[in-house]
Amino acid sequence: LAFSPDGQWLAATWPRSRARLFPLPSTDHADVPKLPEHRVATGLVFDAGGTHLTGGSNGDDLMVVPLDGGEPRVLEGFQSDVWVESLAFSPSGRLVAAATSVSSDVRMLRVWNLDTGEVRAFELPRIGTSTSFGNEDNVQNLWFSDEDTVVTVGPTHFLRWNLPDGSSEQVVAVDAVTYRAAAASYDVEKVLVIEDDTGKGDGSVCDIPKLYDLSAGTVEELPSFGDCVRVVALDPDGTVAVTGDNEGIIRVGLIADGERHLLAGHEGAVECVAISPDLRWVASVGADSTLRLWPMPDLSKPPLHNLPREDLIAKLHTLTNLRAVRDEESSTGWTIEVGPFPGWATVPEW
């Protein structure tokens with residue numbers, strides 16, 4: 001999932017399917033650009049201007065797609081047996097970076113200059129020894145922090161790359177953990193990660209999310225965002241986080257505030273989450289094969305589930321014409337009754 005920087009589009013893709021663009025509510029688009037009839041399974045990201053989209057999966061699938069209908073540009077260099085999970089545009093949109101996520105022998109960071117056609121390749125340093133995924137030095141996530149700097153996160157490393165001289169340094173100390181999900185602020189000073197590679201009972205990777213503050217050199221666990229989180233998202237400023245867990249619950253909140261809003265609806269695990277840059281929307285995809293778009297909760301107010309009972313019932317009355325009523329024939333003793341819709345008592349500002 002990826003939101004465009006101007007809040008106009010949501011890009012999404014599914015396995016064995018081409019990527020699609022969805023216009024967001026309150027936007028006026030007579031025509032929706034069609035993306036190439038080409039399987040793009042991972043790594044969707046817009047450039048800062050919202051004019052291009054990049055993504056890929058296998059090494060020979062990587063491309064940059066102009067949204068004005070122009071011809072896609074293939075990013076050459078990786079072979080077809082290399083899997084790439086993350087791509088990134090530089091702030092100017094002139095550069096694109098991608099790195100090996102799964103490969104038996106190729107461990108490489110590549111940077112394409114879209115203006116000149118130059119391609120630079122940097123070998124990933126051999127830092128780790130082994131993990132349960134067998135790709136100890138590969139990259140699951142990467143971002144540009146400026147035109148000359150890329151940050152990469154992998155099973156046993158957290159590296160900052162200096163592109164002009166090709167050098168890299170370990171940003172924080174890691175202890176052979178596996179980074180399975182990560183999200184970064186726009187300046188890549190704050191990075192939210194899931195580190196566990198052991199799973200929580202059903203074999204699915206999940207854990208308490210951790211926030212790395214690279215400028216302060218600190219790391220903080222965020223248990224209020226869930227103890228079996230599998231996917232994460234951060235807003236551009238690194239102040240609002242969204243997480244999705246194995247039970248289908250999405251948590252949204254200010255990182256500095258202990259109250260989290262709950263978005264419930266997915267049946268089964270949440271597979272992907274995203275925050276629109278204007279903080280109007282949360283998007284999610286679940287194992288139930290649904291794509292959901294949620295209005296961002298009002299983070300200045302208490303979450304719905306924390307309201308006193310009378311306030312909660314009053315709020316629910318303004319939101320729905322569904323009622324739980326007694327039903328002796330039901331196995332639970334209750335049933336849901338659909339009543340006449342009286343109109344919004346308080347019109348939602350979506």
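Buried residues have under 20% relative accessible area and exposed ones over 50%, with partly exposed residues in between. That scale is handy for a first tour of this structure, which is a predicted model.

Salt bridges make a good starting point, and a search of the whole structure turns up seven of them. One of these joins Arg94 and Glu147, whose closest N and O atoms sit 3.5 Å apart. The two residues come from distant parts of the chain, 53 residues apart. Arg94 belongs to the loop between strand E8 (87-89) and strand E9 (95-99), while Glu147 belongs to the loop between strand E12 (141-146) and strand E13 (149-154). With a relative accessible area of 33%, Arg94 falls between the two cut-offs and so is partly exposed. Glu147, at 22%, is partly exposed as well.

Another salt bridge pairs Arg230 with Glu271, and here the closest N and O atoms are 3.2 Å apart. Arg230 is in strand E20 and Glu271 in strand E24 (residues 270-275), so this contact ties together parts of the chain that lie 41 residues apart in sequence. Glu271 counts as partly exposed, at 37% relative accessibility. Then there is the pair made by Arg251 and Asp245, with side chains that meet at 3.0 Å, N to O. Both Arg251 and Asp245 are buried.

Next come the cysteines. The structure has one disulfide, and it joins Cys206 to Cys228 with an S to S distance of 1.9 Å. Again, distant parts of the chain are linked, this time 22 residues apart. Cys206 sits in the loop between strand E17 (190-194) and strand E18 (210-213), and Cys228 in the loop between strand E19 (218-221) and strand E20 (229-234). The torsion about the S-S bond is about -75 degrees, so the disulfide is left-handed. How buried are its two ends? Cys206 has a relative accessible area of 0% and is buried. Cys228 is buried too, with a value of 15%. Cys272, for its part, is partly exposed at 24%.

Aromatic residues also meet in places. A pair of aromatic rings is described by the distance of the centres and the angle of the planes. The structure holds three aromatic pairs, among them Phe122 and Trp161, with ring centres 6.1 Å apart. The planes of these two rings stand at 50 degrees, so the pair is tilted. Phe122 lies in strand E11 (residues 119-123) and Trp161 in strand E14 (residues 157-162), which puts them 39 residues apart along the chain. Neither ring belongs to an exposed residue: Phe122 is buried at 7% relative accessibility, and Trp161 is buried at 2%.

The strands deserve a look of their own. Strands of a sheet pair through backbone hydrogen bonds, either parallel or antiparallel. One open sheet here is built from four strands in the order E4-E5-E6-E7, with antiparallel pairing. Strand E4 (42-46) and strand E7 (73-74) stand at the edges, and each has a single partner strand, so one side of each is left without a neighbour in the sheet. Inside the sheet, strand E5 (residues 52-56) and strand E6 (residues 63-66) are paired in the antiparallel sense over four bridges. Thr54, for instance, has Val64 of E6 as its bridge partner.

A couple of backbone angles stand out too. Most residues other than glycine have a negative phi. Val188, though, has a phi near 55 degrees, a positive value. This residue is placed in the loop between strand E16 (181-184) and E17, and is buried at 2% relative accessibility. Ser289 likewise has a positive phi, near 65 degrees. Ser289 is found in the loop between strand E25 (281-286) and strand E26 (291-295). Unlike the buried Val188, Ser289 counts as exposed, at 65% relative accessibility.

Last on the tour is the surface. Leu304, Ile313, Leu316, Leu319, Phe341, Trp344 and Val347 together make a nonpolar surface patch of about 590 Å². Trp344, one of the residues in this patch, lies in the segment after strand E28 (334-338). Its relative accessible area is 36%, so Trp344 is partly exposed.

Notes. Residues numbered from 1 in each chain as written. Predicted model: local features only at pLDDT ≥ 70, side-chain atom pairs only at ≥ 80, totals over all residues. Heavy atoms only, no water. Disulfide = S-S within 2.5 Å. Buried < 20%, exposed > 50% of the residue type's maximum accessible area, 1.4 Å probe, protein only. Patch = residues over 30% accessible without salt bridge, like charges linked within 9 Å, V, L, I, M, F, W, Y side chains within 5 Å. Areas by Shrake-Rupley, 256 points an atom, 1.4 Å probe, with all protein chains shown as cover. Salt bridge = Lys/Arg side-chain N within 4 Å of Asp/Glu carboxyl O. Pairing = 2+ DSSP bridges. Phe/Tyr/Trp six-rings, centres within 6.5 Å; stacked < 30°, edge-to-face > 60°.
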